[in-house]
Structure formats: C-alpha cells, structure tokens
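Let's take a friendly walk through a protein model together. Have the sequence and the 3D view ready, and look up each residue as we come to it.

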Amino acid sequence: MTSTTHATEPTATTQADLKLEAVVIPVSDVDRSKRFYQDLGWRLDADFAFDNGFRVVQVTPPGSPASIQFGTLITNQRPGTAEGIYLVVSDIAAARDQLVALGADVSEIFHPQAPGAQFGQIPDGQADGPATDRASYGSFATFRDPDGNAYLIQEVTIRFPGRVDTAATAYASLNDLVEALKRAAVAHGEHEAHNGGAYDENWPEWYAAYMVAEHHGDELPR
C-alpha cells in the first residue's frame, strides 16, 4: 500500500511488539471455505470445534507470516463483507496464473490511475495492465472467496524506506528469494555492460549489496 508519508521509528525502546497474527473473515459455510482455501494451497493450521457451537479454522497463504481465520460464532459480520485484504507478491503475473490454475476467479492485472482506485470505489480509476515500468506497489489483481470476501493482490518488489527492519534482511519464502535473485541478476548484467562487459569477479558481493539495498528501500548500486 503506497503512502506519501514514510514510516518513522518508534522512540520508546520498551515498546511492546504487536505482531499481526490473523484476520477474521465472515463465511456462511465453514467446510466450503475450508476446501476453497486448501485447494489454493493455503496451509491448514487449525480446525477446532467445541460443544457450544464455536468452531475456528485457520489457514495461511504460502509465504505469509499472518493467517486468515473463519468459523462459527466467531464474528457478527455478514458473510462476504470482508474487503481489501492484501496479498503481496513479487511477480503478479506468475501469482495470478498460479491462482487461476488452482481454481480462483482472478481479475486481469490492472493499475490505479487515481489514488485509491485499486479498491474499486473510484469510477474509471483503473487502467488495464501492470504499472508503468512495473513500479513496485503499483500493479494489482483481485479475487473473491465463495462468499465474496475480497482479496487484493499487490506486486511489491522494492520496499519504501522505513517499512522493514533495517537490522535484518529476510525473505518470507523460497519464491521471494528466487525473484530477488532474478532482479539482482538483471541489474548486475546492466552493471557489467556499463563497465565494458568485463566479467565481475566480485559479483557475489554486488548481488548481496543490491539485494540488501532493495529489501530496505535504500539506493541501489549501479
């Protein structure tokens, strides 16, 4: 999600961690929803039912640190009313193709022409195709679960400064790491071309510097 205001570091050294663990969505048929998400390859973490009628199911999208929960006696929301649940990917075309192959009805890729148009509330605010130059944060697609709960797929390749822990560089999944290596390889090819095409013996260091800078939103080496 883009913003003109960059994140700031908390000033209190004793501030407690508040990790977003799960988002509750309202569904009408728990078993149908469970099958839908499992068919998409989402990990089933829990399915607990109790004598008082309460049931909670938790599923986690591949590579995600946060999960989705649904069940019975878990929310007063009307089934299908959850909207704008972000799923961040490093290659939106590949992610869309995979989701379609697994049975999801995914929209075509689009980009917003007006601020906030990715949510579909601004008339004529969306344009077909990915963002110009595949700008990070700029390309989207959408899909819904059987009840109509809406997911927003967003392509993010380079993070804005301040949105990641500068003390660590980590990738949530093998796919994220592979895509980061591919982008570094393309950039390194351009780097070698700018230097007369000579083989760069220090390419591992260059790759590492590029990937760390990209992950943290810092200036990229050239």
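The report below looks at charged pairs, then at a sheet, and then at two single residues.

## Before we start

Keep in mind that this is a predicted model. Residue numbers count from 1 along the chain, as the sequence is written.

## Charged pairs

How many salt bridges does the structure hold? There are nine salt bridges. A good one to begin with is the pair formed by Asp17 and Lys19, whose closest N and O atoms lie 3.1 Å apart. Is Asp17 buried or exposed? Asp17 counts as exposed because its relative accessibility is 61%, and the cut-off for that word is over 50%. Lys19, at 64% relative accessibility, is exposed as well.

Some of the charged pairs bring together distant parts of the chain. Take Asp147 and Arg32, whose side chains meet in a salt bridge with an N to O distance of 3.2 Å. These two residues are 115 residues apart: Asp147 sits in the loop between strand S8 (140-144) and strand S9 (150-155), while Arg32 belongs to helix H1 (residues 30-39). Asp147 has a relative accessible area of 18%, so it is buried, as the limit for buried is under 20%. Arg32 is partly exposed, with a value of 31%.

Next, find Glu108 and Arg96, where a salt bridge spans 3.3 Å from N to O. This pair also links distant parts of the chain, with the two positions 12 residues apart: Arg96 lies in helix H2 (92-101), and Glu108 in the loop between helix H2 and strand S6 (110-112). Here Glu108 is exposed, with a relative accessible area of 58%, whereas Arg96 is buried at 15%. There is also a network: Asp31, Lys34, Asp47 and Arg55 are joined into one by salt bridges that share partners.

## A sheet of four strands

Now turn to the open sheet of four strands. In which order do the strands come? The order is S1-S4-S3-S2, and the pairing is mixed. At the edges are S1 and strand S2 (43-49), each of which pairs on one side only. On average, neighbouring strands of this sheet are turned by 20° against each other, with direction ignored.

Strands of a sheet pair through backbone hydrogen bonds, and they can do this in a parallel or an antiparallel way. Strand S3 (residues 55-60) and strand S4 (residues 67-72) run antiparallel and are joined by five bridges. To see one of these partnerships, look at Val56, whose bridge partner in S4 is Gly71.

## Two residues to compare

Ser67 is a residue of strand S4. With a relative accessibility of 6%, Ser67 counts as buried. What does the side chain of Ser67 make with the side chain of Thr60? The two side chains make a polar contact at 2.5 Å. Leaving out residues up to four places away in sequence, Ser67 touches several others, including Glu21, Val23, Asp45 and Gln58.

Leu20 is found in the segment before strand S1 (22-24). Leu20 counts as exposed, at 61% relative accessibility. Which residues does Leu20 touch, not counting residues up to four places away in sequence? They are Pro65 and Ala66. Although Leu20 and Ala66 are 46 residues apart along the chain, their C-alpha atoms are separated by 6.4 Å.

Key:
Predicted model: local features only at pLDDT ≥ 70, side-chain atom pairs only at ≥ 80, totals over all residues. Heavy atoms only, no water. Salt bridge = Lys/Arg side-chain N within 4 Å of Asp/Glu carboxyl O. Buried < 20%, exposed > 50% of the residue type's maximum accessible area, 1.4 Å probe, protein only. Contact = heavy atoms within 4.5 Å. Pairing = 2+ DSSP bridges. Axes fitted to C-alpha atoms, helices over the stretch in contact; angles between N-to-C directions. Polar contact = N/O pair within 3.5 Å; in protein donor to acceptor, adjacent residues only side chain to side chain.
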